[in-house]
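Subject: Structure handover

Hello,

I am passing this structure on to you. Please open it first, then read the notes below.

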Amino acid sequence: MSKRIDVKDLNVYYTNFLAVEDVNIEIEAKSVTAFIGPSGCGKSTFLRTLNRMHEVIPGGRVEGEVLLDGDNLYESGVDPVTVRSQIGMVFQRPNPFPTMSIRDNVLAGVKLNSKKISRSDAEDLVEKSLRGANLWNEVKDRLDKPGSGLSGGQQQRLCIARTIAVKPQVILMDEPCSALDPISTLAIEDLINELKNEFTVVIVTHNMQQAARVSDKTAFFNIAGTGKPGKLIEYAETATIFSNPTVKATEDYVSGRFG
Amino acid sequence: MTTNALRRNGSKGQVGDKVFSGAALGAGILILVTLLAVAVFLLIQALPIFSADPELVSGGEGFATYIFPIVIGTVIAAAIALVIATPVGIAVALFISHYAPRRLAAGLGYVIDLLAAIPSVIYGAWGYLVLAPALVPIYAWLAENLGFIPIFEGPASQTGKTIFTAGIVLAVMVLPIITSLSREIFLQTPKLHEEAALALGATRWEMIVMSVIPFARPGIISAVMLGLGRALGETMAVALVLSTGALIPSLIKSGNQTIAAEIALNFPEAFGLRLSELIAAGLVLFVITLVVNLIARAIIARHKEFSGAN
């Protein structure tokens, strides 16, 4: 239940502004890949092209190919709705549906596209997903309470539970810990380590220690200056990026001598 | 003498705070006083009718018998208006906020807002001259084919000046209120919640059902209540469009009356007991509106825990 992603010659635009230029990258199945780089370098923008969320923004478009096990996401006739049900996403700020209970939040994606699910299957799936997100023990007695009543870290794990409940091939995470305290961050990082047994995980992070702790491979993005497009500078094993990078800019960035 | 450096005296910011909180309190009290004054006026002026000899009241059987049919008439007209205007208004608002291309959306929103600026006498004239005649064949068809249902019982009105026509005119009048308010609220749905739905593989409609509608629910209820307020109190359009009469179940025959139109049509010649009778009718309308608003508040409050405001 996990697929690889190959990106070929991808250019990402906002209307006519080239935001990310010419990215080529191969992301292995059942691995954790981290995107690091300074603010505004296009790593989040690029991440959002991997499940066609980029085009939700008015004017957002891409040129090039993103292949999920060889199938191009951007081929004409491909429905973004199908793409997103296979490639889930966790956002920077926890965003459980505020009007739904914890249970309904977990089942939100499963009930889409008028799919029916029996009550007992639903209960099983809720428990399995919440256990998968290391949240079950904290919420099992209040599944009918609103998701917005949880702490920030719990809300983020609820969002992860919601994402894994639809059994995606890939999970994209856009700075999932940047709004969380260190303990919740640790909980999420442990979770990411478990998730890669089943899913392909791609994570954008500002925290280099986090990238070093959780990822197998790391991609460093950089930007030449304001108004210039972001580029993929270097992509290698995480250990290599942090100890022995080949590009000077990468070394400067990971050692904190940037700018 | 002890001096505390943290104590501030008479700094500009403090004065501003006091002025503002005073002004806000004053404005709040002013509203309550106005409301109270209206209620007291209505009560005092209406009082004679409640102690009057039932035979002296219009209809000769007391105030309750007089007011009941026009209360029902008012509710029927407003209900028809809301049943038509609520789904249409919400659909138009959703189209503007989430479906239409940006340029079309701006233009359409502007046109809808213009609808709200048209004086009600114009709507009344349009209903009288255009809508009512146009509906005559439809009413005839309804009477012929669905006449077994009491609300479509024939013979249909030959002029089209029925409570149903009045309801449609009212629907057109409250449509801009419901649409503009709903649109504003739909546009305020947090992007975060919309993207959460989309990222789970929701279609645009599913995204709207999952994130936009729940977020906008209290706002939609408020919008409908404001629309209802206008529909209940609208006078001119109903007075022009409706050919009044006794309370009847059929919506497509001449008949029925609303409180506001009853007051407007009879007020110029009213004096003495008849005047206090009409003012008492106004009091009843006031109470209906108040009750409806309280119910709406209760509905919104019941879902507070899940409103996303916490």
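Start with Asn256(B). It sits in the loop between α8 (236-241) and α9 (259-266) of chain B. A word of care before going on: this is a predicted model. Every value here is computed from it.

Is Asn256(B) buried or exposed? Asn256(B) has 28 other C-beta atoms within 10 Å, and 20 or more is the cut-off, so this loop residue counts as buried. Which residues is Asn256(B) in contact with, leaving aside neighbours within four places in sequence? They are Gly73(B), Ile76(B), Ile163(B), Leu242(B), Thr244(B), Gly245(B), Leu247(B) and Ile248(B). Look also at Ala246(B). Its C-alpha atom is separated from that of Asn256(B) by 5.2 Å, with the two residues 10 apart along the chain.

Ile163(B) is a useful link. It is in contact with Asn256(B), and also with Ala77(B). With neighbours within four places in sequence left out, the other contacts of Ala77(B) are Ala166(B), Gly167(B), Leu170(B), Ala231(B), Val238(B) and Thr258(B). Ala77(B) belongs to the largest nonpolar core, which has 151 residues. The residues with the most contacts inside that core are Ala77(B), Ala81(B), Leu170(B) and Val174(B).

Now the records for chain B. UniProt, in an unreviewed entry, lists residues 71-296 as "domain: ABC transmembrane type-1". In the model, that span of chain B is 77% helix and 0% strand. Its end C-alpha atoms are 20 Å apart. The unreviewed UniProt entry also carries the annotation "transmembrane region" for several spans of chain B, including 20-46 and 108-128. Residues 20-46 of chain B are 100% helix, with end C-alpha atoms 39 Å apart. Residues 108-128 of chain B are 90% helix, and their end C-alpha atoms lie 27 Å apart.

On to chain A. What is the strand order of its open sheet? The 10 strands run β5-β4-β1-β2-β10-β9-β3-β8-β7-β6, with mixed pairing. The edge strands are β5 (71-72) and β6 of chain A, each paired on one side only.

Take the β5 end of the sheet. Strand β1 (residues 5-14) of chain A pairs with β4 (residues 60-68) of chain A in the antiparallel sense, over 8 bridges. Ile5(A) has Leu68(A) as its bridge partner in β4(A). Leu68(A) also stands opposite Asp71(A) in β5(A). β4(A) and β5(A) run antiparallel and are joined by 2 bridges. Their hairpin has 2 residues between the strands, and there Asp69(A) takes a positive phi near 50°.

For a parallel pair, go to β3 (residues 32-36) and β8 (residues 200-204) of chain A, which share 4 bridges. Phe35(A) stands opposite Val204(A) in β8(A).

Next, where the chains meet. How many residues are in contact there? On chain A there are 22, against 19 on chain B. The elements giving two or more residues to the chain A side are α2 (80-86) and β6 (87-90) of chain A. α2(A) gives the most, with 3 residues. By class, the chain A side has 11 nonpolar, 8 polar and 3 charged residues. Note that β6(A) appears twice in this account: it is an edge strand of the sheet, and it gives residues to the side that touches chain B.

Last, the scores. The model has ipTM 0.89 and pTM 0.82. Mean pLDDT for chain B is 87, and 95% of its residues reach 70 or more.

Best regards

Note on methods:
Residues numbered from 1 in each chain as written. Chains lettered and ligands numbered in written order. Predicted model: local features only at pLDDT ≥ 70, side-chain atom pairs only at ≥ 80, totals over all residues. Contact = placed C-beta atoms within 7 Å. Nonpolar A, V, L, I, M, F, W, Y, C, P; charged D, E, K, R; others polar. Pairing = 2+ DSSP bridges. Core = buried A, V, L, I, M, F, W, Y, C linked by C-beta atoms within 7 Å. Buried ≥ 20, exposed ≤ 12 C-beta atoms within 10 Å, placed from the backbone. UniProt positions renumbered as here; feature names shortened; annotations may be inferred. pLDDT = per-residue confidence, 0-100.
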